[in-house]
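Student: Could you take a close look at one spot where two helices pack together? I'd like the geometry and the residues involved.

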Amino acid sequence: MAGSWQIRVNGRDEAADEIVPRTNLLDWLRSRGLTGAKEGCAEGECGACAVLVARPDGPQRSRWTAVNACLPPAAAFVGHEVITAEGLAGASAPDAALEKTPDELHPVQQEMAQRGGSQCGYCTPGFVCAMAAEYYRAERAPDPVSDPASDAAGGCPADHGVNGFDLHALSGNLCRCTGYRPIRDAAYALGAAPAKDPLLQRQDRPAPAPEPTVLRAEGAEFRRPATWHETLERLAEEPATVLVAGATDLGVERNLRHSRPPKLMAIDHLEELRRITRDDGVIDIGAGATLSEIERALAGQVPLLSELLPQFASRLIRNTATLGGNLATASPIGDSAPTLLALDAVVVLSSAEGERHVALEEFFTGYRQTVLREGELIRSIRIPLPLLGRSAFHKIAKRRIDDISSVAVAIALQVADGIITEARIGLGGVAATPLRAAATEQALLGRPWSEQTIHEAAATMAAEGTPMDDLRASARYRAAMLHQALPRFHAAVEAADHQEVSP
C-alpha cells in the first residue's frame, strides 16, 4: 500500500515504499536532493557521508548518533529519524525562531565557519554531523578545573576540550585540505546546547521503534521481522538470507565488490540480540549491541575490552558495528576475536531448533569459515567471571587509529604468589583464523612471573601461527611483533606495579 513505510528526514516523513533493497542510505538521501553528504571512500573510513540518527539511549531516552550513510541499506531506516547537514540548523531552531533566514547556522556550523574549519567543503557536512552528535551527548560537561578562556585543557585528557568535547567523536572523519587545527578549535569552542533546542529536547523521548518491514524491488527483498521467533523461522526457511545489523562489512562488500544478496533481513532491533547483562558468573553481551553501546554499558568492567574498543575502527563505525557481526565474518584480522579468545569467551548460537554454546576457540574452522549451521545465528557472547588479573591488548597497524591490524595480540594472565597460574593469549593476523597461542600459554603456566620466563615464552610466541607476507606486513615482521609482545606486556605491568607502590 502506497505510503505504508516512511523515513523521517529533517523533520519530514519521506515515503520509503519504493526503496530498492540494494540502495544504501547515502544514495537514497542524495536521490531526494540532500546532497550535502558525499561518498568519499565508500567503506566507512572518511566520514564524508555522516548523518545523524535517533538511537535508543535506555528505554525512555534517545541519543543523536552519527553514522556512515554509505554502508547501511536505506531500507534499514524505515521508521527511523534522520538528520542531515542540510536540516541541522532548522531542526535545532525553537519553534519561535522558525522565521530565521536560510543563511543562519547551527552552532556547530557557525563555529566551523568562524574558525576556518572548511576549505573545499567536501568533508565538512560529515564533520558537522559527527560534531553535532558530540555537541548533544548527554555526558559532555565542561572541565571544572580548566579556564574556559584558555586553550589549555587543565585536568582534561589531552583529547578533550575544556567544554568536555571528546575529539575521538571525529575520529572517523578525514579532511584532505583544511588541516585539523581549525576543526579542533571549532569543536572546543562549542558551548552547551540551549535548553530549548529541539534536538536536545528530542533526546528526552524514546527513539522510534523500527517498524516491521518488507520491501521488494528488482529481484531483491529486504525484511525486518517483527519478533525473535519470526526471525528464526524465516532463517530456517531461507538460510541463505544475509543478516543485517551494522552493515559495516556488508556495505563494503556492496560498494567495492558489488555484492548484491537477493535477500536481506535486519536483526539490529531485536531485544534478544541487544541485551547486555552481568551476574555472578558471566557477562552476557548481545550479538546485536553496537560497540559504542557495549562501551557505555560496561564502563570499564572488562579492561581488555576497554583497551580494544578505542582502537576498533572509528567512532562512526563503532556506532553501528556489532561483536556478533565481527565474529560471524570470521576474518583472521578482526580485532574482537583475539580479545574475546583471551577472555575465554563462549558464543551462544540460536536457531529454530534450539540453542547451543560453543567456545570461541572452537568457533573458527578455516579462512572465513565457522561452525555456524544453516539457519543459525549468534545470539550473544558470554565472558566468564572472574576475569584474570593482568591483561593487555596490542594492535600493530600502520595507523594508530582506524586501521586494519597487521598483528593483534590479547594477553590475560593470573599471577598468585609470583607464579603464573592461568594464561590465555589470543592472536589475530598470523594465521587463516584467529587462534589461541596454546604453546606459549603452556610455556608460561606454573612458571615464575619473571623476565626469564617471559623471554623464554616470547621465543615460543614468535613461532605461533603461520605468519605470511602480504601488503600489510611480512612474515618476518609479524614474527618479530609476536616475539616482543610478552616482554612489552611484562614491562608495562611491572612499571604500573612500581608506580602503585611508590610513595
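**Two helices crossing**

Tutor: Helix 3 passes helix 4 in a right-handed crossing (the near helix is turned clockwise from the far one by less than a right angle). Keep in mind that this is a predicted model, with local features needing pLDDT of at least 70 and side-chain atom pairs pLDDT 80 or more, while totals for chains, interfaces and linings use all residues. Residues are numbered from 1 along each chain as its sequence is written, and side-chain values use heavy atoms, without hydrogens or water.

Helix 3 covers residues 107-114 and helix 4 covers residues 124-135, both being DSSP runs (H or I, at least four residues) numbered from the N terminus. Their axes, lines fitted to C-alpha atoms over the stretch in contact, come within 9 Å and cross at roughly 125°. That makes helix 3 oblique to helix 4 (not under 35, over 145 or 65 to 115 degrees).

Who meets whom? From helix 3 come Pro 107, Val 108, Gln 109 and Met 112, and they meet Thr 124, Phe 127, Val 128, Met 131, Ala 132 and Tyr 135 of helix 4 (contact: heavy atoms within 4.5 Å). By type, the residues of this contact are eight nonpolar, two polar and no charged; Ala, Val, Leu, Ile, Met, Phe, Trp, Tyr, Cys and Pro count as nonpolar, Asp, Glu, Lys and Arg as charged, and the others, Gly among them, as polar.

Technical notes: Axes fitted to C-alpha atoms, helices over the stretch in contact; angles between N-to-C directions.
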